[in-house]
Amino acid sequence: MSSPYEKKLEMSLIPSITDTTNQVWIEFNGLCFLGNKQHVLLEQLKEQGIEIPYSCRAGICRVCQIKIIIGEVKTLTQDAMDKDGNIISCCCIPKGNLKLSD
Ligand code: FES
């Protein structure tokens with residue numbers, strides 16, 4: 001069992017990674033990388049060498065659709081997310097840590 005001091009230290013370390021910066025952890029199909037809260041998911045996945053299909057990059061074709069398993073995103077268009085957690089990756093920005101799949 002950890003002491004109150006150790007518990008406080010543990011808690012203080014976790015937010016320092018995600019709350020004071022725009023950095024977030026993103027997991028896609030089991031591959032984990034450090035992303036951000038500023039750019040759309042499609043671009044962040046491409047920067048990591050993760051190739052997902054896309055075409056218009058404007059929220060029209062829905063070719064870039066992926067699924068949120070855990071986490072939340074900011075949507076840039078009204079229909080960028082459906083009730084089943086499917087999102088258009090070219091129109092969504094992470095709000096925090098995310099677990100995604102194709
Ligand atoms: S690439 Fe067309 S909706 Fe994302």
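**Loop residues and an open sheet**

With 16 C-beta neighbours inside 10 Å, Arg 57 is classed as partly exposed, because that count falls between the limits of 12 or fewer for exposed and 20 or more for buried. The model is a predicted one. Arg 57 sits in the loop that runs between helix 2 (41–47) and strand 3 (65–70). Its phi is positive, at about 60 degrees, although Arg 57 is not a glycine. Most residues other than glycine have a negative phi.

Asn 29 also has a positive phi, near 50 degrees, and is likewise a residue other than glycine. This asparagine is found in the loop between strand 1 (23–28) and strand 2 (31–36). Asn 29 has 11 other C-beta atoms within 10 Å. Asn 29 is therefore exposed, since the limit for that class is 12 or fewer.

A further loop residue is Asn 97. It lies between strand 6 (92–94) and strand 7 (98–101). Asn 97 has 17 C-beta neighbours inside 10 Å and so counts as partly exposed. Along the chain, Asn 97 and Trp 25 are 72 residues apart. In space, their C-alpha atoms are separated by 4.8 Å.

The strands form an open sheet. It has 5 strands, in the order 2-1-7-3-5, and the pairing is mixed. Strand 2 and strand 5 stand at the edges. Each has a single partner strand, so one side of each is left without a neighbour in the sheet. From one strand to the next, the twist averages 40 degrees.

Strand 3 pairs with strand 5 and with strand 7. Strand 3 and strand 5 (residues 86–88) run antiparallel and are joined by 3 bridges. Ile 66 has Ile 87 of strand 5 as its bridge partner. For Lys 67, the bridge partner in strand 5 is Asn 86. The pairing of strand 3 with strand 7 is also antiparallel, over 3 bridges. Here Ile 68 is matched with Leu 100 of strand 7 as its bridge partner.

How values were computed
Residues numbered from 1 in each chain as written. Predicted model: local features only at pLDDT ≥ 70, side-chain atom pairs only at ≥ 80, totals over all residues. Helix = DSSP H or I, 4+ residues; strand = E, 2+ residues; numbered from the N terminus. Pairing = 2+ DSSP bridges. Axes fitted to C-alpha atoms, helices over the stretch in contact; angles between N-to-C directions.
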